[in-house]
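Trainee: I have just opened this entry and would love a guided tour. Could we go through it together, one question at a time?

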Amino acid sequence: MKNTYAYLENHQTDIQRDLERLVLAESPSNRKDLVDTCGQTLQALFRERLGVAAEVVPEADYGNHLRFEVGQGDEALLVLGHFDTVWEPGRLSLRQEGERLYGPGIFDMKAGLIIALWGVKALLHSAPRLQHRLVFLCTSDEELGSPSSRPLIEAQARKSQAVLVMEPAKADTGALKTGRKGILIYRLRVHGVAAHAGNHHEEGVNAVWEMAKHIDALQNLTNYKLGTTVNVGIVHGGTRDNVVPAYAEAEIDIRVATMAEARRMEDVFRNLQPYLPGASLEVSGGLNRPPMERTPATVALFQKAQAAAAELGLSLCEATVGGGSDGNFTAGLGVPTLDGLGARGDGPHAEHEHILIPSLVERAALFAGLVQQLEASQGGISEA
């Protein structure tokens, strides 16, 4: 492990330059042309650093997905990450301030891809043959909810011993993520009856009033002790102030810690009924990402990462977080999944998005050490 760390330290400038190159290839999810250009940059980096070519999975409406494979072993480890971002071109600049490196998507999550790439490069430098096949699945639509990549992710996960997700570490502690909340997304449409607000007010059925009653009831389903939050985030309704509104709609985000709670919330929305006579409801949506629940297999995987960190003289903790990732899908299949292996930093989806430059070497060494821990396990992930 010390040799691996030393190798990465000697290449810290190269690692940072590779990351800057990837960040400068801006890749907002809704711009297929730019996402695909970024994908070409990523392919070039894998070719130059690891000597491997991508299997390109073409998409018509989203960026193309990329699959890289390193090693010849029978057992596969899935290394999961995305290269699309939430930032429009030119919105953020790439800049360095001391040990902080800022840029669009640098924390979420282009640094994680570079960390994994260099972690493998360091491994191959010390041991030219890997016992596992490392399958990198780099996707282009995670920030949109992974509509086209989810089937690819789940298919590869089913063939993998474990999934290592290169999303960033928890911002305040650098913790790895052994749990994530599940996400349900709903749209509630309310239909009422329009009427003149002065002359025939009594003939109308106010869709906005109906919606207000549902907003109050739904928001009150939030239960912090259970880890359940309900957020009515977008509301539209009405046409003019002198017309009883005939229509209103709301978009609702729900986060849950367990599948049992997800099923309970699904039942709530399935059974919504109007409050006002004459009003009617349309409900669409459902479970977007299942919860990534903390399981014994995931804990065992974290403990291997902890052992690798200890060899490097680093401390490592775990956390459950409210945000979702593609790791939710793989964990939902029962495949051991460890998330948050990417860079330390802060500001995902925020203007101060940045990484801590020293974490590039630390996390690449941690990734390499975790792979070594897994390769040393004769019994697989179940061994702590």
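Trainee: Let's start with H2. Which residues in H2 are buried?

Mentor: Good place to begin, and keep in mind that this is a predicted model. H2 covers residues 12-24, and its end C-alpha atoms are 18 Å apart, which agrees with the 18 Å that its 13 residues should span. Counting as buried anything under 20% relative accessible area, the buried residues in H2 are Ile15, Gln16, Asp18, Leu19, Leu22 and Val23.

Trainee: Why are these buried residues on the same side of H2?

Mentor: An α-helix has 3.6 residues a turn, so residues three or four places apart point the same way. On the other side of H2, Arg17 and Leu24 are exposed. The buried residues of H2 share a side because, around the axis, they cover an arc of only 160°.

Trainee: Now to H6. Within what arc do the buried residues of H6 fall?

Mentor: H6 runs over residues 207-219 and reaches 18 Å from its first C-alpha to its last, close to the 18 Å expected. Its buried residues are Ala207, Glu210, Met211, His214 and Leu218. They line one face of the helix, because seen down the axis they fall within an arc of 95°.

Trainee: Which residue caps the N-terminal end of H6?

Mentor: Look for a side-chain oxygen that lies 2.9 Å from the backbone nitrogen of valine 208. The residue that provides this oxygen, and so caps H6, is asparagine 206.

Trainee: What covers the buried residues of H6?

Mentor: Both strands and a helix take part. The cover includes helix H7 (259-270), together with strands S9 (182-191), S11 (229-237), S13 (247-256) and S14 (280-289).

Trainee: Let's look at one residue of H6. Which residues does histidine 214 touch, not counting those up to four places away in sequence?

Mentor: Histidine 214 sits in helix H6, and at 2% relative accessibility it counts as buried. The C-alpha atoms of histidine 214 and proline 274 are separated by 8.4 Å, though these two are 60 residues apart along the chain. Beyond its sequence neighbours, histidine 214 touches Leu188, Leu272, Gln273, Pro274, Tyr275 and Leu281.

Trainee: On to H8. What do the buried residues of H8 pack against?

Mentor: H8 (residues 296-311) has 16 residues and reaches 23 Å, close to the 22 Å expected. Its buried residues are Thr298, Val299, Ala300, Leu301, Phe302, Lys304, Ala305, Ala308 and Ala309. They pack against strands S7 (162-165), S8 (176-180), S15 (318-321) and S16 (337-338), and against H10.

Trainee: Is threonine 298 buried or exposed?

Mentor: Threonine 298 belongs to helix H8. Leaving aside neighbours within four places in sequence, it is in contact with Thr178, Glu293, Pro336 and Thr337. With a relative accessible area of 3%, threonine 298 is buried.

Trainee: How do H1 and H10 cross, left-handed or right-handed?

Mentor: The axes of H1 (residues 2-10) and H10 (residues 358-376) come within 9 Å and cross at roughly 145°. Thr4, Tyr5, Leu8 and Glu9 in H1 meet Val361, Glu362, Ala364, Ala365 and Ala368 in H10. The crossing is right-handed.

Trainee: How many Å separate the C-alpha atoms of leucine 374 and alanine 162?

Mentor: Leucine 374 is found in helix H10 and is buried, with a relative accessible area of 1%. Along the chain, leucine 374 and alanine 162 are 212 residues apart. Their C-alpha atoms are separated by 9.3 Å.

Trainee: Which residues does a cis peptide bond join?

Mentor: Most residues other than glycine have a negative phi, and most peptide bonds are trans. Here, one of the partners, methionine 109, is in helix H4 (residues 106-126). With omega at about -5°, the cis bond joins aspartate 108 and methionine 109.

Trainee: Is serine 146 buried or exposed?

Mentor: Serine 146 is in the loop between strand S6 (133-139) and helix H5 (150-158). Its phi is near 60°, a positive value in a residue other than glycine. With a relative accessible area of 1%, serine 146 is buried.

Trainee: One last question: what is the relative accessibility of histidine 349?

Mentor: Histidine 349 is in the loop between strand S17 (345-346) and strand S18 (354-356). Its phi is also positive, near 65°. Histidine 349 counts as partly exposed, with a relative accessibility of 45%.

Conventions
Residues are numbered from 1 along each chain as its sequence is written. This is a predicted model: local features need pLDDT of at least 70, side-chain atom pairs count only at pLDDT 80 or more; totals for chains, interfaces and linings use all residues. Side-chain values use heavy atoms; hydrogens and water are left out. Helices (H or I, at least four residues) and strands (E, at least two) are DSSP runs, numbered from the N terminus. The expected span of a helix is 1.5 Å times one less than its number of residues. Buried means under 20% relative accessible area, exposed over 50%, partly exposed in between (1.4 Å probe, protein chains only). The arc is that of the directions from the helix axis to the C-beta atoms. Contact means heavy atoms within 4.5 Å. A polar contact is a pair of N or O atoms within 3.5 Å; within protein, one must be able to donate a hydrogen and the other to accept it, and residues adjacent in sequence count only if both atoms are side-chain atoms. Axes are lines fitted to C-alpha atoms, for helices over the stretch in contact, and angles run from 0 to 180 degrees between N-to-C directions. A crossing is left-handed if the near helix is turned anticlockwise from the far one by less than a right angle, and right-handed if clockwise.
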